[in-house]
Amino acid sequence: MRRFSVRDLTLAAMVAALYTVMGCFANVFGWTFGPVQFRFAEALTVLPFLFPAAAPGLAAGCFLTNLLSPYGVLDWLFGTLATAIAAWLTMKMPKWYLAALPPILVNALILSPMWAWTDAGAVNAAFWTACGWNFITFLPGEALVCYVLGTALLKLMPRIGVLKPALAGTSSTQALPPAGKASSFRCASSPHKDERASLWGPRQ
């Protein structure tokens with residue numbers, strides 16, 4: 001079993017802090033909680049595809065953000081669980097364009113019943129109706145954040161010069177070609193490093 005290094009722990013802490021700040025910021029506009037949401041921090045859920053060390057940071061950041069949730073303990077437990085499961089699945093995705101899929105589906109499947117239970121208070125017809133409605137209303141916002149912002153983040157990170165030292169300091173290594181050409185990225189600790197290496201490189 002791979003052990004976390006100090007650099008991995010630092011990365012996880014940074015992701016947790018960033019997720020929390022972004023989640024609290026979205027909450028100012030009322031976009032962080034509920035069946036209709038636009039939680040900017042969910043864009044970070046694609047990071048385990050590149051950095052496995054980001055997964056625990058996402059779970060911690062989600063828990064800290066959910067301390068503000070109007071759904072209370074239910075959201076502390078199930079919201080954090082959904083993020084943790086999604087992060088693990090994202091880490092296992094074979095293709096970069098699938099990295100955003102787990103957070104969308106896992107959150108929808110776990111949180112929709114949670115919200116429905118809060119409304120209905122029992123497993124009855126009203127519960128299942130609310131569950132289906134919550135699933136439908138949640139998907140667009142989560143998909144927009146994860147696929148649009150998250151995918152942009154995947155492609156942008158290796159191109160930002162100021163981030164190169166930080167990226168090189170993790171368990172991942174980065175090799176950028178001359179300006180104007182597509183970059184490549186290799187994550188040594190990831191189970192699909194070949195796919196990550198071709199993420200910004202020529203299509204094979």
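Today I will walk through a few helices of this structure and the cores they help to build, keeping in mind that the model is predicted.

Let me begin with helix α2, which covers residues 54-66. At 1.5 Å a residue, its 13 residues should span 18 Å, and because the C-alpha atoms at its two ends lie 18 Å apart, the expectation and the model agree. Which residues of α2 are buried? They are Ala-54, Ala-55, Gly-57, Leu-58, Ala-59, Gly-61, Cys-62, Thr-65 and Asn-66, and what covers them includes α1, residues 6-28, and α3, residues 73-92.

One of those buried residues, Leu-58, brings us to the largest nonpolar core, which has 23 residues, and in which Val-15, Tyr-19, Leu-47, Phe-51 and Leu-58 touch the most other members. Helices α1, α2 and α5, the last of these running over 125-156, each supply at least two residues of this core, and the largest share, four residues, comes from α2. There is also a second, separate core of five residues, among them Ala-108, Met-114, Trp-115 and Phe-138.

Finally, please look at α3 beside helix α4, residues 101-120, where the two axes come within 8 Å and cross at roughly 165°. Since angles over 145 degrees count as roughly antiparallel, α3 is therefore roughly antiparallel to α4, and their crossing is right-handed. The residues making this contact include Leu-74, Phe-78, Ala-82 and Leu-89 on the α3 side, and Pro-103, Val-106, Ile-110 and Met-114 on the α4 side, so that Met-114, which we met in the second core, appears here again.

Conventions. Residues numbered from 1 in each chain as written. Predicted model: local features only at pLDDT ≥ 70, side-chain atom pairs only at ≥ 80, totals over all residues. Heavy atoms only, no water. Expected span 1.5 Å × (residues − 1). Buried < 20%, exposed > 50% of the residue type's maximum accessible area, 1.4 Å probe, protein only. Contact = heavy atoms within 4.5 Å. Core = buried A, V, L, I, M, F, W, Y, C linked by side-chain atoms within 4.5 Å. Axes fitted to C-alpha atoms, helices over the stretch in contact; angles between N-to-C directions. Parallel < 35°, antiparallel > 145°, perpendicular 65-115°, else oblique. Left-handed = near helix turned anticlockwise from the far one by under 90°.
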